[in-house]
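Here's a walk through a predicted model. Have the structure open and follow along, beginning where the two chains meet.

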Amino acid sequence: MIIVNYIVSVALIALGLFAVCTKKNLIKIVLGLGIIDYGINLMIVSIGYVPGGTAPVYTLSDFANFVSVSFVDPVPQALTLTSIVIGACVDALALSLVIMIYRKYKTVNADEVRRIRG
Amino acid sequence: MMEMFNNYEVVKHFPVIAVMGLFLFAFLIEIFGAKCKIIRNTLTLIATGGAFALILGLIPMVFGEGNVISYWMGDWKPVAGYAIGIGYEVDALSLFFGLLVSGTFFLSSIYSIKYMSRDHHLGHYYTLFLMLSGSVLGLVLTGDIFNMFVMIEIMTFASVALTAFRNKKGIALEAGFKYLILGSIGSSLVLAGIAVLYMQCHTLNMAQISSIIGGAGLNPSLVFAFALMFAGFGVKSYIVPFHTPAADAYMAAPSSISMVFSGMVNKAGVYALIRLTYTIFNAMDIPAVNILLVTLGAITMFIGVTMALAQHDFKRLLAFHSISQIGYVITAIGLGTALGLSSGLFHAMNHTMFKGLLFLCAGAVFYATGTTDLDKLGGLSKRMPKTTICFLIGAFSISGLPPFNGFASKWMIYQSVYAKGVESGNFAYIFATIVALVVSVMTLASFIKVTQAVFFGQLPDKLKDTKEVPFAMRLPMWIMSGLCILSGVFYRFVDVNVLYPVRNAAFGVKNYISSMLGGEAAAAASNVSSEEFFTLWDPKLWLILFAIVLLAVCIVVLLGDKTLGAVRKNKASEESDGKYATFFGGEKSTHSHVAGSDLFWGFKKDFKGYFKFMQGMHSGSVNDYALYVVVGTALIVATMFIFVL
């Protein structure tokens, strides 16, 4: 099953990059960035998955009785949380910049927001 | 007092206090300093000055005794040689960059106090400023790769917000937006690389990853992770083709921020590249990695300097020079030799000084006149003599004139690249040497143009009552000028006392791992020690090279196109451009039609096709820029898979 996750995550990243490179609307470009983030988050969560694993909570008695504990890797989950927070910050900052740009330029078309060039 | 700096148990807390302190003060300013100017300035100076002092306090321990400081957050020490917690690890390489970071931010905060005094909402400015300094300092001191990613993200946010700080101007917002989009793509590449790396190694500690890779060797997944992180850090250090947001951001940001962007934020990307290639993957023995870095570096320096020649804005021109100088650093560190690494680090240090100085001068000009457009400036040397002197020192340094520091480091770079070419018999390195020489000449040409356009020539009527900038702004400029001269004159001292330990730290991967995790983990890693100081001063090779170049030029001139002059004359008569009339029209003219900002119009005319193409490439469209990043990444991944596996 896990192979599906990798395929989907790569597809999401590719889709996001496609959106950033081709869409002319600045808000769609920001959405593209979000999609790249989701793809990477999915990949990170999938890394830590162990088939049949439980939540990463165990007691000392589990070890004392030599019960074989199989739990998913908690580190990637923590990483994903951090990454989601960062992604939310990127979206917020980017969208607020788009609003400001719209006020100054009266447009959100990427082809017209290019006063600095050459 | 001195005992304290030799006590490991005391000193090991310094790096983390410096980083945490900067973040803490960032929020203190937001709480207490939003209204009151004095509290705000005091808190900023305490934070940046304190961080600088703490980092200076590490020198006796790390440079003097050659220790590596390792600090585990919450005292989560490794169990059985396996890292659990987040670790800070400061070896000489980290400390070298840490010193540059904290010093640059300290000087910039002194400059900011006067320079930013006319802006509003300064509480936010200093909060973001301290966030930026804390994140860059954390990035160079950390020993954990995910912590590095988080620091990169904080750095990107703070940089974007500071770029767009003067949001009354549309271009500041536009530059900020482009910076954010490309910066986020870069960070995503780094994160994807970290994910793949974690899949293989199941740890995030850099020393541990290095030890695992050293033992097991490379497999396709690791190569893929390496390529992704390489591209991601490439975006952070703004090498071509990832350089486009840098030029916009350095131009639109306030000068005190352009100084730290150019001085340190792109250097953080260079640091991450050095850590990645030298320490984590230990990949500098692979010829393909060397060639890739040198090629990227050579392209970066050439495109940077030619784009700079075509600019009409003071700060945008400096930004392209900044990109060009990073090309030198990347070329030199890509060699993987002891001489190459020390010359690259030396140039990185010098670039921080002279480019910081030049941006401060640009800021001073903006403060005094309100513009950075080269076409509107001129003749300021009479009104601002002290700024002019500082600018000239910076310009001489970046152009590589002896005895300024740019000469020493560029001279080392030429030698190291040439030596590598002779050693390996690969013509690409010789070609890179020639590119480096040509770029240096073009840098000088470009700075002659700036000096003529801003400080000499005619003083426009509008600028008649320009005044010299206040002392608080000149002080950091004088300090930087002094450092430019000192490190140029005493290059030998710098080499022996600073570059030698740093270089050994970069090559001594084994030592890096063992001081973090204990001796067992280090056994797998290779250890390249490098003893020699730079001794390669053989001028004979150079004489031969110059003779070849001279001969080539003579042959082209003598046997080349005989109709060169005639063609130009015909063209001139067709042109209605006033510039040509001055030289070919035959009328008497009271003054030249060629403005100071257009001093090299002839050169630009001859290579019109190239300049037109390059300016078209820098189209300003964020889609195009994102496409360059994607294509660049794809090329890097493909190169790695074809040549490294």
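Let's start at the contact between the chains, which takes in 35 residues from chain A and 37 residues from chain B. On chain A, the elements giving two or more residues to the side that touches chain B are α1, α2 and α4 (74-105). Of these, α4(A) gives the most, with 14 residues. Sort that side of chain A by residue type and you get 24 nonpolar, four polar and seven charged.

Now swing over to chain B and pick out helix α29, residues 622-643. Its 22 residues reach 32 Å from the first C-alpha to the last, close to the 32 Å expected at 1.5 Å a residue. Which residues of α29(B) are buried? They are Val622(B), Tyr625(B), Ala626(B), Val629(B), Thr633(B) and Met640(B). These buried residues sit on the same side of α29(B), because they cover an arc of only 105 degrees around the axis. An α-helix has 3.6 residues a turn, so residues three or four places apart point the same way. Turned away from that buried side is a face with the exposed residues Val631(B), Ala634(B), Ala638(B) and Ile642(B).

What covers the buried residues of α29(B)? Both chains chip in: the cover includes α1 (2-22) and α2 (26-47) of chain A, along with α9 (170-201), α11 (220-237) and α12 (244-252) of chain B.

Finally, look at the largest nonpolar core, with 253 residues. Among those with the most contacts inside it are Phe96(B), Val136(B) and Met155(B). The largest share of this core, 19 residues, comes from α9(B). Zoom in on Val136(B) and, leaving aside neighbours within four places in sequence, you'll find it in contact with Val101(B), Met155(B), Met264(B), Val265(B) and Ala268(B).

Note on methods:
Residues are numbered from 1 along each chain as its sequence is written. Chains are lettered from A and ligands numbered from 1 in the order in which they are written. This is a predicted model: local features need pLDDT of at least 70, side-chain atom pairs count only at pLDDT 80 or more; totals for chains, interfaces and linings use all residues. Helices (H or I, at least four residues) and strands (E, at least two) are DSSP runs, numbered from the N terminus. The expected span of a helix is 1.5 Å times one less than its number of residues. A residue is buried if 20 or more other C-beta atoms lie within 10 Å of its own, exposed if 12 or fewer, and partly exposed in between; C-beta atoms are placed from the backbone. The arc is that of the directions from the helix axis to the C-beta atoms. Two residues are in contact if their C-beta atoms, placed from the backbone, lie within 7 Å. A nonpolar core is a set of buried Ala, Val, Leu, Ile, Met, Phe, Trp, Tyr and Cys residues joined through C-beta atoms within 7 Å. Ala, Val, Leu, Ile, Met, Phe, Trp, Tyr, Cys and Pro count as nonpolar, Asp, Glu, Lys and Arg as charged, and the others, Gly among them, as polar.
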